[in-house]
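The following exercises concern the ligand sites and the enclosed spaces of one protein model. Each task is followed by a solution in steps.

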Amino acid sequence: MSVITVYVPGDAGALAVGAEAVAKAIIREAQARGVAIKLVRNGSRGMYWLEPLVEVEVAGRRHAYGPVRARDVASLFEANFHNAAKHPLALGATDALDWLRNQERLTFQRVGVTDPLSLDDYLAHDGFAGLRAALAMAPTDIIKAVTDSGLRGRGGAAFPAGIKWKTVAEAAGTHKYIVCNADEGDSGTFADRMLMEGDPLMLIEGMSIAALAVGASHGYVYIRSEYPHAERAMRTAIEVATAGGYLGADILGSGRAFTLEVRRGAGAYICGEETSLLESIEGKRGQIRFKPPLPAHKGLFGQPTVVNNVLTLATVPVILAKGAQFYGEYGRGRSRGTQPFQLAGNVKHGGLIEKAFGLTLAELIFDWGGGSASGRAVRTAQVGGPLGAYLPPAHFDTPLDYESFTARKAMLGHGGVVVFDDSVDMAVMARFAMEFCAVESCGKCTPCRIGSVRGRELIEHIMAGREVARNLATLRELCDTMISASLCALGGMAPFPVLSALEHFPDDFVRAGRDAA
Ligand SMILES: Cc1cc2nc3c(=O)[nH]c(=O)nc-3n(C[C@H](O)[C@H](O)[C@H](O)COP(=O)(O)O)c2cc1C
Ligand code: SF4
């Protein structure tokens, strides 16, 4: 009897909507019917409105069904889904689905495809090709490849990865470290989590390549505590890679050593900022360090340290495997390559879309996302996390690349897009930005610690109709002070959502006052 492979995501997003119960029901039903199956817990394909998305492999091709509930499983077997038969939940061949077919998946090439913790599966899908290439190169050539590819940091600041690596490679130190920032605190973002759960070996490969390039022998993956599944996947993947000789004292017999460990964060947004993150790994309270020195010169335990986001590091293997030119051919202007965009909020089809930089916000929200989930008009989208600007529909023609967003006083950040319909009250959203900053401030500098509290109060006065013109003027002044005098980008950028709301949706502030008067 031939064994049929069935895929049910083990991704936290799929588990949240019942994937575990579906997996159990499939095993139960297959046993009861005497159908031989192999169940693989893959990552998510990123089509979250279809989760739990069950796939079955028939004659080498995968067919999708979704969203599947445990109660649907008996009828799926009844309909002979394990032979790709028709069923009301059938979506057709997975690789023919427009959502996937029209993406340019480089960083996410294996997510949802492979068994995340199977070394054999990873190798069968070009895994460790980048590391093997790097092992045959001089460190300066690895750095040159990353620089030439145009890869910029995906954590938010978009700093060129190759320049950071060169700085660490040239810095003096007794040890050097690679630190992966997997704190992923931005609202509406989940790409780091998906990648760690769906293809953790790729992140390990990217970190190993970084280590070869700069001469580091140890690394840390700093994962937020809200990501227990990602943490588990990373810990197991480290064991798998070590057992396979891809990590450890002698990587693939090269004589080069690199070891990795996982550190769990404790739920503070500020610990995603690189210097607070380093303090946290060192066992201290997560507070900003003064710069200089840069972490590249004096980072973890005072040693030269590469701090890069999950997506930055996980993109490196494809650059080494396929070449800088291959990767650099994707993108627009100075934003080279692809970005895994994360579409969330009030949107019909939320999920992960990896595309070359340059598609517009309107394409993302309407062509990919299908507009609002509520069916009402889309009024705004916040791009780049809680410190990102709110863009009005008039700006939805903005291409998704770093420079185009900066030109519109916005930022792309980590690529998260949160959609709101026309029921949103932008005065409330502005107040939330200040509240968020007040709650998450590390307290080290006054403009942020005090300014955010005063900012919230001012917006409350405006919303209550108290001295609206005077309080609006004071709010603008306060925002200027926070932008120019805060020690880090939390206080320095929290005014951006406020100012964008004031600029694009002024009526909401006046109306709030009028309603209350
Ligand atoms: C308040 C604050 C929070 C941040 N949170 C994150 C985060 O969760 N993940 C991340 O990768 N970078 C975050 N960053 C950016 C990091 O400080 C740093 O720029 C990044 O980890 C560098 O990696 P990259 O060059 O690969 O982007 C944050 C920055 C600030 C100011
Ligand atoms: S801006 Fe806020 S988070 Fe940043 S150092 Fe100042 S108090 Fe801390």
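**Exercise 1.** Which polar backbone atom is 3.1 Å from an oxygen atom of ligand 1?

*Solution.* The model is a predicted one. Step 1: the backbone partner at 3.1 Å from a ligand 1 oxygen belongs to glutamate 184. Step 2: the protein covers 91% of the 610 Å² of accessible area that ligand 1 has on its own. Step 3: a polar backbone atom of glycine 155 is found 2.7 Å from an oxygen atom of ligand 1. Step 4: lysine 164 takes part through its side chain, with a polar atom 3.1 Å from a ligand 1 oxygen. Polar contacts are counted within 3.5 Å, and the pairs with Gly155, Lys164 and Glu184 meet that cut-off.

**Exercise 2.** Describe the shell of residues around ligand 1 by nearest members, class and secondary structure.

*Solution.* Step 1: ligand 1 has 20 residues around it, and those that come nearest are Gly155, Asn181, Asn308, Asn309 and Thr312. Step 2: sorted by class, the shell contains nine polar, six charged and five nonpolar residues. Step 3: strand β9 contributes the most to this shell, namely three residues.

**Exercise 3.** Identify the space that ligand 1 takes, and characterise its lining.

*Solution.* Step 1: ligand 1 takes the space of the largest pocket. Step 2: two elements, β9 (305-309) and α21 (489-493), give two or more residues to the shell around ligand 1. Step 3: the volume of the largest pocket is about 1,100 Å³. Step 4: its lining comprises 43 residues, with Gly155, Ala157, Gly272, Glu273 and Glu274 nearest the centre. Step 5: α8 (161-170), β9 and α21 are the elements that supply two or more residues to this lining. Step 6: the lining of the largest pocket divides into 19 nonpolar, 14 polar and ten charged residues.

**Exercise 4.** In which cavity does ligand 2 sit, and which residues lie nearest the centre of the largest cavity?

*Solution.* Step 1: ligand 2 sits in the largest cavity. Step 2: this cavity has a volume of about 80 Å³. Step 3: of the 13 residues that line the largest cavity, Ile288, Cys442, Cys445, Cys448 and Cys488 lie nearest its centre. Step 4: the shell of ligand 2 also holds 13 residues, the closest being Ile288, Cys442, Cys445, Cys448 and Cys488. Step 5: the class counts are then set side by side. The cavity lining has eight nonpolar, three polar and two charged residues, whereas the shell around ligand 2 has eight nonpolar, four polar and one charged. Step 6: α18 (446-449) and α21 each give at least two residues to the lining of the largest cavity. Helix α21 also gives two or more residues to the lining of the largest pocket.

**Exercise 5.** How many cavities of 30 Å³ or more does the structure hold, and what lines the second largest?

*Solution.* Step 1: the structure holds two cavities of 30 Å³ or more. Step 2: the second largest cavity has a volume of about 30 Å³. Step 3: Gln382, Pro386, Tyr390, Met429, Phe432, Ala433 and Phe436 form the lining of the second largest cavity. Step 4: helix α17 (residues 426-440) gives the most to this lining, with four residues. Step 5: by class, the lining of the second largest cavity has six nonpolar residues, one polar and no charged.

Terms used. Residues are numbered from 1 along each chain as its sequence is written. Chains are lettered from A and ligands numbered from 1 in the order in which they are written. This is a predicted model: local features need pLDDT of at least 70, side-chain atom pairs count only at pLDDT 80 or more; totals for chains, interfaces and linings use all residues. Side-chain values use heavy atoms; hydrogens and water are left out. A residue is near a molecule or strand if one of its heavy atoms lies within 4 Å of it. A polar contact is a pair of N or O atoms within 3.5 Å; within protein, one must be able to donate a hydrogen and the other to accept it, and residues adjacent in sequence count only if both atoms are side-chain atoms. Accessible areas come from the Shrake-Rupley method with a 1.4 Å probe; for residues, only the protein chains shown count as cover. On a 1 Å grid over the protein atoms alone, a cavity is a set of points where a 1.4 Å probe fits but cannot get out, and a pocket is an open set with protein on both sides within 12 Å along at least five of seven lines; lining residues have an atom within 4 Å of a point. A molecule sits in a cavity or pocket if more than half of its atoms lie within 2 Å of its grid points. Ala, Val, Leu, Ile, Met, Phe, Trp, Tyr, Cys and Pro count as nonpolar, Asp, Glu, Lys and Arg as charged, and the others, Gly among them, as polar. Grid points are joined across faces, edges and corners, and a volume is the space filled by probe spheres set on the points.
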